[in-house]
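Please look over the sequence and the model below. The report that follows takes the sheets, the helices, the aromatic rings and two single residues in turn.

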Amino acid sequence: METMDNKIHFDYQFVSDKGIISNKDRSDVPAILAVDATFSIKMNHTLYFEAELPILEFWMSLYTWKERITKDYIPEFHYYTIEHDEEEGAILSVLPFSNKARLESIWAEADIDNVFDLHYIVKEFLTLESSLREDMEEYYNIKLKYFMRHIPFSRLHLKQMNK
């Protein structure tokens, strides 16, 4: 019997106008939260997750997670939005165990096998963080380094990672 390797694919489309934000808006929280994108995840060509997200907030959560990764430690990733009731659970999570990781979402579109090789899934999420940064900076003509201190995001994922 042949087994299929789990593969993941991310896609995002900015839905906010290019002019919705500029570098001068770096501390304008409502403007930051108004920058939306439709974000989707496919696993083995099957749609697993799709939602319109405040994309700067999502990117900041990825960036914060990336900064906590070390050679010997890969923390859990949990994405919560400040616009969503956190009691329902994380919108998106990466849960490492042994040399594997499970991807989970409370908004999953399909019930599919979501266990990946740990290094593969981490590499894919790190690539997503980098691509999002580059694409947002180009599309909106901004420098995210000016926004980082002001991008609101749920700190609950940090509490989850520190458990």
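## The four-stranded sheet

Strand β6 (residues 100–104) pairs with β7 in the antiparallel sense, over three bridges. One residue pair can be named here: Lys 100 has Asp 117 in β7 as its bridge partner. α2 packs on this sheet and touches β4 and β5 (92–97). The direction of α2 makes about 165° with that of β4. This is a predicted model, and all that follows should be read that way.

The whole sheet is open and has four strands, in the order β4-β5-β6-β7. Its pairing is antiparallel. The edge strands are β4 and β7 (115–117), and each of them pairs on one side only. From one strand to the next, the twist averages 25°. Helix α3 lies across β4, β5, β6 and β7. It runs at about 90° to β7.

## The three-stranded sheet

A second open sheet has three strands, ordered β1-β2-β3. Here too the pairing is antiparallel. β1 (8–14) and β3 (46–54) are the edge strands, each pairing on one side only. The twist averages 15° from one strand to the next.

β2 and β3 run antiparallel and are joined by eight bridges. Within this pairing, Met 43 has Thr 46 in β3 as its bridge partner.

Which helices lie across these strands? α2 lies across β1, β2 and β3, and runs at about 110° to β3. α3 lies across β1 and β2, running at about 15° to β1. Both helices also meet the four-stranded sheet: α2 touches β4 and β5, and α3 lies across β4, β5, β6 and β7.

## Aromatic pairs

How many aromatic pairs does the structure hold? There are 16. Take Phe 39 and Phe 58: their rings form a tilted pair, 4.8 Å centre to centre, with 45° between the planes. Phe 39 lies in strand β2 (residues 36–43) and Phe 58 in helix α2 (residues 55–68), so this pair ties together parts that are 19 residues apart in sequence. Are these two rings in buried or exposed residues? Phe 39 has a relative accessible area of 0%, so it counts as buried. Phe 58 is also at 0% relative accessibility and is buried.

Phe 77 and Phe 125 make another tilted pair. Their ring centres are 5.9 Å apart, and the planes make 50°. This pair links distant parts of the chain, 48 residues apart. Phe 77 sits in strand β4 (residues 77–79), and Phe 125 in helix α3 (residues 118–140). Phe 77 and Phe 125 are both buried.

## The ring cluster and two charges

The four Phe residues just described belong to a cluster. Ring pairs link Phe 10, Phe 39, Phe 49, Phe 58, Trp 65, Phe 77, Tyr 79, Trp 107 and Phe 125 into it.

Two rings carry a charged group over the face. The charged end of Lys 7 sits over the ring of Tyr 120, at 4.9 Å from its centre. Arg 26 lies over the face of Tyr 146, 5.6 Å from the ring centre.

## Ser 40 in strand β2

Ser 40 is found in strand β2. Its relative accessible area is 9%; buried means under 20%, so Ser 40 counts as buried.

What does Ser 40 touch, apart from neighbours within four places in sequence? Its contacts are His 9, Phe 10, Asp 11, Leu 47, Phe 49 and Glu 50. Among them, Phe 10 and Phe 49 are also members of the ring cluster.

## Ala 31 in helix α1

Ala 31 has its place in helix α1 (residues 29–33). Its relative accessibility is 12%, so by the cut-off of under 20% it is buried.

Leaving aside neighbours within four places in sequence, Ala 31 is in contact with Ile 21 and Asp 25. Ile 20 can be placed by distance. The C-alpha atoms of Ala 31 and Ile 20 are separated by 7.1 Å, and the two residues are eleven apart along the chain.

Methods:
Residues numbered from 1 in each chain as written. Predicted model: local features only at pLDDT ≥ 70, side-chain atom pairs only at ≥ 80, totals over all residues. Heavy atoms only, no water. Phe/Tyr/Trp six-rings, centres within 6.5 Å; stacked < 30°, edge-to-face > 60°. Helix = DSSP H or I, 4+ residues; strand = E, 2+ residues; numbered from the N terminus. Buried < 20%, exposed > 50% of the residue type's maximum accessible area, 1.4 Å probe, protein only. Lys NZ or Arg CZ within 6 Å of the ring centre and 35° of its normal. Pairing = 2+ DSSP bridges. Axes fitted to C-alpha atoms, helices over the stretch in contact; angles between N-to-C directions. Contact = heavy atoms within 4.5 Å.
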